[in-house]
Amino acid sequence: MSKIGFIGVGVMGMPMALNLIEGGHRVKAFDIAPGALEAIGRTDAETATSPRDAAEGADFVITMLPTGKVVGYAVFGPDGAAESLADDSLLIDMSTGLPSHFDALANRLRSQGKRAIDAPVGRTSKEAEDGTLLIMVGGEEEDVERARPVLACMGDTIIHCGPAGSGIRTKLVNNYLSIVSNVVVAEALALAEGAGLDRDMAIEVLMGTTAGRGHLGTTYPVQVLAGNLDPGFMVDLARKDLGLALEMGVDHDSPTVMGAAALPVYDAAQLQGLGRRDWTAIYNLVTGRG
């Protein structure tokens with residue numbers, strides 16, 4: 001089995017790293033948060049003192065970090081992974097950041113004779129625990145196939161989206177649709193209630209149409225409408241990913257009118273203290289429930 005340096009063992013990274021260990025791989029993990037590092041150290045993983053230490057002698061180095069800038073610092077900053085990343089190693093960035101940041105990182109590594117693919121994930125922390133994430137991969141065919149057995153420890157659906165950078169672009173397109181639709185659902189339900197309609201009746205109608213095959217058929221019934229705002233996907237993360245998608249739209253001169261319109265709603269949710277609640281809390285915000 002492979003030796004894997006894993007950088008970033010937070011809410012998603014921790015269970016992903018544990019599933020790699022369960023799959024027989026040797027994991028050496030690093031995180032700047034002492035609590036996360038202590039927690040992973042209580043498992044069968046080794047702990048590293050720096051990204052460079054994590055990458056030393058690794059067949060694969062996985063980054064699962066908040067932004068592309070943080071990934072860049074972990075790879076190229078002081079004691080960065082690039083200092084010890086071997087030419088025959090493969091860096092797998094599973095973070096969600098701006099495509100341009102990943103492109104710059106991959107190009108810089110390529111100029112040093114090193115290789116990288118992007119492999120951001122879909123689904124939630126529960127699927128991360130279960131090893132059933134959807135993984136969107138961008139990279140050369142040979143690199144993707146080399147990484148596939150490692151990725152299969154963390155996800156049950158692995159889609160090769162195209163060349164390097166395609167995974168994060170696919171992730172942001174997917175999240176753009178989901179995040180913007182979230183606001184539309186909240187407004188539609190608020191509109192129905194304001195008109196004096198029975199909410200359950202309105203939902204029954206909407207569930208029979210295209211409108212009901214998104215959030216209404218998945219997140220809303222088991223989250224906000226059930227009084228459950230424990231985060232499957234936090235408002236803070238939704239706000240972050242929507243901002244990334246809007247920046248990508250600027251990069252490619254693509255219209256993002258609905259995304260721009262939805263952004264202040266997520267800002268308002270954060271101001272009302274809903275940032276760490278489930279993203280379906282937008283419904284409560286729109287209806288004035290807090």
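A residue counts as buried when its relative accessible area is under 20%. By that criterion Gln 223 is buried, because its relative accessible area is 12%. The structure described here is a predicted model.

**Surroundings of Gln 223**

Gln 223 belongs to the loop that joins α10 (219-222) to α11. Beyond its neighbours within four places in sequence, Gln 223 is in contact with Asn 228, Leu 229, Asp 230, Gly 232, Asp 278 and Thr 280.

**Helix α11**

Helix α11 comprises 17 residues (residues 235-251), for which a rise of 1.5 Å a residue predicts a span of 24 Å; the end C-alpha atoms are 24 Å apart, so the two values agree. Its buried residues are Val 235, Ala 238, Asp 241, Leu 242, Gly 243, Leu 244, Ala 245, Leu 246, Met 248 and Gly 249. These buried residues pack against three helices, namely α5 (99-111), α8 (166-194) and α12 (257-271). Just after α11, Asp 253 adopts a positive phi of about 55°.

**Packing of α8 on α11**

Two packed helices are described by the angle between their axes and the distance between the axes. For α8 and α11, the axes come within 9 Å and cross at roughly 120°. The crossing of this pair is left-handed. By class, the contact of α8 with α11 has ten nonpolar, one polar and three charged residues. On the α8 side, the participants are Arg 169, Lys 171, Leu 172, Val 173, Asn 175, Tyr 176, Ile 179 and Val 180. They meet Ala 238, Asp 241, Leu 242, Leu 244, Ala 245 and Met 248 of α11. Several of these α11 residues, including Ala 238, Leu 242 and Met 248, are buried.

**Helix α12**

Helix α12 has 15 residues and an expected span of 21 Å at 1.5 Å a residue; its end C-alpha atoms are 22 Å apart, which agrees. Within α12, Gly 259, Ala 262, Leu 263, Val 265, Tyr 266 and Ala 269 are buried. The elements covering these buried residues include α8, α11 and α13 (282-286). Gly 273 follows α12 and has a positive phi, near 80°.

**Positive phi values in loops**

Most residues other than glycine have a negative phi. Two loop residues that depart from this pattern are described next. Asp 79, which is not a glycine, has a positive phi of about 55°, and Asp 79 lies in the loop between α4 (68-76) and β5 (90-93). Arg 123, also a residue other than glycine, has a positive phi near 85° and is located in the loop between β7 (121-122) and α6 (125-130). Their relative accessible areas are tabulated below, together with those of the two cysteines discussed in the final section.

| Residue | Relative accessible area | Class |
|---|---|---|
| Asp 79 | 39% | partly exposed |
| Arg 123 | 41% | partly exposed |
| Cys 153 | 19% | buried |
| Cys 161 | 25% | partly exposed |

**Cysteines and disulfides**

A search of the whole structure returns zero disulfides. A disulfide requires a pair of cysteine sulfur atoms within 2.5 Å. The cysteine sulfur closest to that of Cys 153 is in Cys 161, at 19 Å, and is therefore too far for a bond. Likewise, the sulfur of Cys 161 has its closest cysteine sulfur in Cys 153, 19 Å away, which is too far for a bond.

Terms used:
Residues are numbered from 1 along each chain as its sequence is written. This is a predicted model: local features need pLDDT of at least 70, side-chain atom pairs count only at pLDDT 80 or more; totals for chains, interfaces and linings use all residues. Side-chain values use heavy atoms; hydrogens and water are left out. Buried means under 20% relative accessible area, exposed over 50%, partly exposed in between (1.4 Å probe, protein chains only). Helices (H or I, at least four residues) and strands (E, at least two) are DSSP runs, numbered from the N terminus. The expected span of a helix is 1.5 Å times one less than its number of residues. Contact means heavy atoms within 4.5 Å. Axes are lines fitted to C-alpha atoms, for helices over the stretch in contact, and angles run from 0 to 180 degrees between N-to-C directions. A crossing is left-handed if the near helix is turned anticlockwise from the far one by less than a right angle, and right-handed if clockwise. Ala, Val, Leu, Ile, Met, Phe, Trp, Tyr, Cys and Pro count as nonpolar, Asp, Glu, Lys and Arg as charged, and the others, Gly among them, as polar.
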